[in-house]
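Colleague: Could you take me through the aromatic rings and the empty spaces of this model, with each term explained as we go?

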Amino acid sequence: IPVDDFDLVIFGATGDLAHRKILPGLYRRFVAGQVPATAQIIGAARTKQDDEAFRAEARAAIQEFAGKGDDLSQLDDFLRHLAYVAIDARGSDGWDELKARIRPEGVHAFYFSVAPALFGDIAQRLASYGIADTNSRIVVEKPFGRDLATARALNQTLAQHFAENQIYRIDHYLGKETVQNLMAVRFANMLFEPLWNAQYVDHVQITVAETVGVGGRGEYYDHSGAMRDMVQNHMMQLLCLIAMEPPYHFDPDAVRDEKLKVIRALEPLEPGDIVRGQYQADGDEPGYLADAGNPQSRTESFVALKVRIANWRWSGTPFYLRTGKRLRARTSEIVVTFKAPPHSIFDESDGPRSNQLVIKLQPNEGMDLTVMIKEPGPGGMRLVQVPLDMSFADALGENGTDMPDAYERLIMDVIRGNQTLFMRGDEVEAAWAWTDPIIADWEAGSKRPEPYDPGSSGPDEALRLLHRDNRRWREIR
Ligand code: BG6
């Protein structure tokens, strides 16, 4: 879908996120024909350099971080869209020049790919220099605060200069193909939704497992931990999309209203429903404490939770969430386990088992539904469980493998002015309101996270969280 002509300013254009995600993502959209001929992408950062130097920097970043299959033959043409302004976010340098560079026409978007401490300074200068107006859009990255008070303060600061419909808070999980597909699966089929409630769903598991540790970003991470880094935002968004009521329309506020209701219905967690872990050293590989550069750290690199949603649809169905670093495999998936049939007409030993719908977010996007069938052959009426496997790559051919990266999609949504896949201020605040007491409890206590071996599924306590309910996690593989 073509987009309107635009000027996109990237604050923090020399930083890691711009190099890894934003510039390669824009290049791929350019190759897809979605960057209009006169569009401008203006890098803005403290480094003093000219357009040419920034283009060379962008070229190197795109060469390094573009996907394996990406065609780089159009790089020169893309780089012509790039310009650069050296700017002092807390001073006056560069702002007049930035203003002069932006054309009056087209969409104006400002991507704040900088430390949150600078959000206010930049927002204020965009307004006072007359660079942004009521039609401009701003994009802000996580972390959006580190608790309710800081998130609220950030929302208030941005609100001094921008209306809510101009603010695009990124959660890149919402840009993932399968995450959006969740809504299609739930609301464009009749098959699942009638069963999508506590009467038929035994429990739901959401796992986001990573193999990487926190080495390289240990300092940031140690002030954050899995709860702030992954649960408050990404996992919470997945939970909302799985649990929300059907919105009346696929429209930004209709969707976000329903997500907000889920967050507000979360029950406070009991201490027994939480497991925190920290990965250990493995031979020469450093453990969490060394990666964090803090031998006393009590920050968690793993967390597992049993979450309850107190509403009509979900009362009685637990949602188990877990995420962690240095686990066995990089896998993100959601597993919806349905209840077993109420009565088995078959021999007990061969009795039916529960159906499971597995929604795989990464690495291989797709869905898998386990069903019971008769084991083929003359051996009598024996049941076997088989997967109805739908890998999107297989089912959709090339369209299934060449999925845009989350950032590409989200940046284009900003240009189109579609906020559906962005978090609203009240959603972020509600999510912090739920996580704050949990984190405050940890910080006040002296309990250390449970140790776990790298390459494992996390601490044994996390397994017990389900065992005590006669359930088990789907294996991380
Ligand atoms: C980021 C977190 O938001 O998401 C990282 O800060 C994490 O710690 C990353 O590794 C995971 O994203 P993805 O897309 O690789 O699953």
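Colleague: How many aromatic pairs does the count come to?

Modeller: This is a predicted model, in which local features need pLDDT of at least 70 and side-chain atom pairs count only at pLDDT 80 or more, while totals for chains, interfaces and linings use all residues. Residues are numbered from 1 along each chain as its sequence is written, and side-chain values use heavy atoms, with hydrogens and water left out. Rings of Phe, Tyr and Trp (its six-membered ring) pair if their centres lie within 6.5 Å, and by this rule the count comes to 16 aromatic pairs.

Colleague: Why is the pair of Phe-11 and Phe-110 given the class it has, stacked or edge-to-face?

Modeller: Planes under 30 degrees apart count as stacked, over 60 as edge-to-face and the rest as tilted. The ring centres of Phe-11 and Phe-110 are 6.4 Å apart and their planes lie at 25°, so the pair is stacked.

Colleague: How many residues apart are Phe-11 and Phe-110 along the chain?

Modeller: Strands (E, at least two residues) and helices (H or I, at least four) are DSSP runs, numbered from the N terminus. Phe-11 belongs to strand 1 (residues 6-11) and Phe-110 to strand 4 (residues 107-112), so that the pair links distant parts of the chain, 99 residues apart.

Colleague: Which residue lies over the face of Trp-442?

Modeller: A charge sits over a ring if NZ of Lys or CZ of Arg is within 6 Å of the ring centre and within 35 degrees of the ring normal. At 4.1 Å from the ring centre of Trp-442, the residue over its face is Arg-276.

Colleague: Which element gives the largest share of the lining of the second largest pocket?

Modeller: On a 1 Å grid over the protein atoms alone, a pocket is an open set of points with protein on both sides within 12 Å along at least five of seven lines, and lining residues have an atom within 4 Å of a point. The second largest pocket is lined by 24 residues, and among those nearest its centre are Arg-276 and Trp-442. Strand 8 (274-279), helix 15 (425-444) and helix 16 (460-467) each give two or more residues to this lining, and the largest share, 6 residues, comes from helix 15.

Colleague: How many cavities of 30 Å³ or more does the structure hold?

Modeller: A cavity is a set of grid points where a 1.4 Å probe fits but cannot get out. Lys-142, Phe-144, Gln-232, Asn-233, Met-423 and Val-428 line the largest cavity. For cavities of 30 Å³ or more, the number held by the structure is 1.

Terms used:
Points joined across faces, edges and corners; volume = space filled by probe spheres on them.
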